[in-house]
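Hi,

Here is the structure I promised to pass on. Have a look at it first, then read my notes below.

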Amino acid sequence: MSQYPNICWQLLVSGVEIKADAHFVFESCHPEFSEKGSNKEQLEVSIMNHLQDVLQELESCEEPEEGDSPVLTPSTFLQWLTGQGHIPVLLEEKRNFKLFVRFNHTCHIQYGVHAVCYPTVTACSNTVRLPVQHIQTYNEFKLVMTKAFHYGQAFHHV
């Protein structure tokens, strides 16, 4: 330890966390795609591209001033999805860290006629379910995800 003090510093100094960046968040995603070559799979791949673009855009933006509402960054996005906004410290935990992405193609059957629905997050299992019908373009994706993040910070449902 005396020869390489920086290697273990983050393990021994409390309060030191490595914030998640866009690359870590996106690389942790494990989407559950539909049948290969299907129209559903093409939509899902497009949505994953939108997710990657949004994460990179959030990372490239300058840090806005902190106000009452949380600031959307790759780190706070990860916090919203999993309950932790930092990269796992232990190598084994980091290697096994996964975000499961599922796609909801049937919200119109579940909810009837409606204008928009939002992603649902299950932090205990690191899973997000995305409403495909409402996020097909990049702008729709960004708007829905931003609203879901800002309005979904508290746990209101049991």
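**What I found around Leu130**

Let's start with one residue, Leu130. If you skip the neighbours within four places in sequence, Leu130 is in contact with Ile47, Val101, Arg102, Phe103, Asn104, Pro119, Ile135, Phe141 and Met145. Before going on, please keep in mind that this is a predicted model.

Leu130 also shows up in the largest nonpolar core, which has 31 residues. Together with Leu51, Phe77 and Phe141, Leu130 touches the most other members of that core. Which elements give two or more residues to this core? They are α2 (22–28), α3 (39–60), α4 (74–82), β2 (99–104), β4 (127–131) and α7 (138–151). Helix α3 supplies the largest share, six residues. As background, nonpolar side chains in soluble globular proteins tend to be buried together.

Now zoom out to the whole chain. You can find seven helices and four strands in the protein chain, and from the N terminus on they run α-α-β-α-α-α-β-α-β-β-α. The chain has 158 residues, and 34% of them count as buried. About 10500 Å² is exposed, with carbon and sulfur atoms supplying 53% of that area. If you take the contacts between residues at least 6 apart in sequence, 68% of them join residues at least 24 apart.

A word on cysteines. A disulfide is a covalent bond between the sulfur atoms of two cysteines. How many disulfides does the structure hold? Zero. Two cysteines to click on are Cys61 and Cys124. Cys61 counts as partly exposed because its relative accessibility is 41%. Cys124 has a relative accessible area of 83%, so it counts as exposed.

Another residue to look up is Asn126, in the loop between β3 (120–122) and β4. Asn126 is not a glycine, yet it has a positive phi of about 55 degrees. Is Asn126 buried or exposed? Its relative accessible area is 18%, and buried means under 20%, so Asn126 is buried.

Last, how far to trust all this. The chain averages a pLDDT of 84, and 82% of the residues score at least 70. Among the elements, strand β1 (residues 29–31) has the highest mean pLDDT, 97, and helix α1 (residues 5–12) has the lowest, 62. Where pLDDT is low, the predicted coordinates should not be read in detail.

Cheers

Definitions and conventions
Residues numbered from 1 in each chain as written. Predicted model: local features only at pLDDT ≥ 70, side-chain atom pairs only at ≥ 80, totals over all residues. Heavy atoms only, no water. Core = buried A, V, L, I, M, F, W, Y, C linked by side-chain atoms within 4.5 Å. Buried < 20%, exposed > 50% of the residue type's maximum accessible area, 1.4 Å probe, protein only. Contact = heavy atoms within 4.5 Å. Areas by Shrake-Rupley, 256 points an atom, 1.4 Å probe, with all protein chains shown as cover. Disulfide = S-S within 2.5 Å. pLDDT = per-residue confidence, 0-100.
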